[in-house]
Amino acid sequence: MTEQRVAETAARNADRFVRWRRLLTEILQFLAVGGVAYVVDVGLSNLLVYGFFDFPALLHDGPLKAKIVSTVVSVGVAWLGNKFWTYGKRSTGSSTTGLIAFVIVNAIGMVIAIAPLGLTWYILGLRDPVSYNISTNIIGIGLAMVFRFWAYRTFVFRERPRAEPLDLERIPDTETRPG
């Protein structure tokens, strides 16, 4: 191998390493933010459906309503964590556009997360805490997490090329050209 080919190969490998490292960092940050949102979601949904010590179960007969409420609260946590930490260096365009895309993605994610709960609770008739938590907080949230990671990268916080500053000195002067 010539020195030039070795240098080119080394440069490609270094570039590949940087991309993989950036992706791994993004995945770990996404999982950390998701972990906090998950604790909020699971804790609040269980609190609403089953209560806790002296706190009454406010939505005992409405597990889907409880899950929707807990998901909305956890989405707020996820928005803040992902917007300012995981994808803080990426531009979403306007804040309104980014927030609307985030809400749409999370509405779809919520449907994905509660679908196994609806099946378990209403069709299979399994209403115990273990079935509830496995169906929605493990299966549902797991499926929704995969969807959200893909959708955040693809639609909400996608990498946009940075605009290069315009160098006015390199633009030819059209007034001085003969024409």
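Colleague: What follows α1, and what is its phi like?

Modeller: Gly51 comes right after α1. Its phi is positive, near 75 degrees. Bear in mind that this is a predicted model.

Colleague: OK, α1 itself. How far apart are its end C-alpha atoms, and what should the helix span?

Modeller: The end C-alpha atoms are 68 Å apart. With 48 residues at 1.5 Å a residue, α1 should span 70 Å, so the two values agree.

Colleague: Which residues of α1 are buried?

Modeller: The buried set is Glu26, Gln29, Phe30, Val33, Ala37, Asp41, Val42, Ser45, Asn46, Leu48 and Val49.

Colleague: And what covers them?

Modeller: The cover includes α2 (63–86), α3 (95–123) and α4.

Colleague: Back up to Glu26. Why does Glu26 count as buried?

Modeller: Its relative accessibility is 6%, and buried means under 20%, so Glu26 qualifies.

Colleague: What is Glu26 in contact with, leaving aside neighbours within four places in sequence?

Modeller: Glu26 touches Thr86, Tyr87, Arg90, Phe149 and Arg153. Glu26 itself sits in helix α1.

Colleague: Tyr87 there. Where else does Tyr87 turn up?

Modeller: In the largest nonpolar core, which has 16 residues. Tyr87 is among those with the most contacts inside that core, along with Phe102, Val105, Tyr152, Val156 and Phe157.

Colleague: Which helices supply at least two residues each to this core?

Modeller: α1, α2, α3 and α4 each do. The most comes from α4, with 5 residues.

Colleague: What other core lies apart from it?

Modeller: Another core, of 6 residues. Its members include Leu48, Val49, Trp121 and Tyr132. Leu48 and Val49 are also on the list of buried residues in α1.

Colleague: Switching to the outside. Which residues make the nonpolar surface patch?

Modeller: Tyr38, Val39, Val130, Ile134, Ile138, Ile139 and Leu143. The patch is about 640 Å².

Colleague: Which elements give two or more residues to that patch?

Modeller: Those are α1 (3–50) and α4 (129–156). The largest share, 5 residues, comes from α4.

Colleague: Take Tyr38. Where is it found, and why call it partly exposed?

Modeller: Tyr38 is in helix α1. Its relative accessible area is 31%, which falls between the 20% and 50% limits, so Tyr38 is partly exposed.

Colleague: So what does α1 have on each count?

Modeller: On the buried side, α1 has residues such as Phe30, Val33 and Ala37. On the surface side, α1 gives two or more residues to the nonpolar patch.

Conventions: Residues numbered from 1 in each chain as written. Predicted model: local features only at pLDDT ≥ 70, side-chain atom pairs only at ≥ 80, totals over all residues. Heavy atoms only, no water. Patch = residues over 30% accessible without salt bridge, like charges linked within 9 Å, V, L, I, M, F, W, Y side chains within 5 Å. Areas by Shrake-Rupley, 256 points an atom, 1.4 Å probe, with all protein chains shown as cover. Salt bridge = Lys/Arg side-chain N within 4 Å of Asp/Glu carboxyl O. Helix = DSSP H or I, 4+ residues; strand = E, 2+ residues; numbered from the N terminus. Buried < 20%, exposed > 50% of the residue type's maximum accessible area, 1.4 Å probe, protein only. Expected span 1.5 Å × (residues − 1). Contact = heavy atoms within 4.5 Å. Core = buried A, V, L, I, M, F, W, Y, C linked by side-chain atoms within 4.5 Å.
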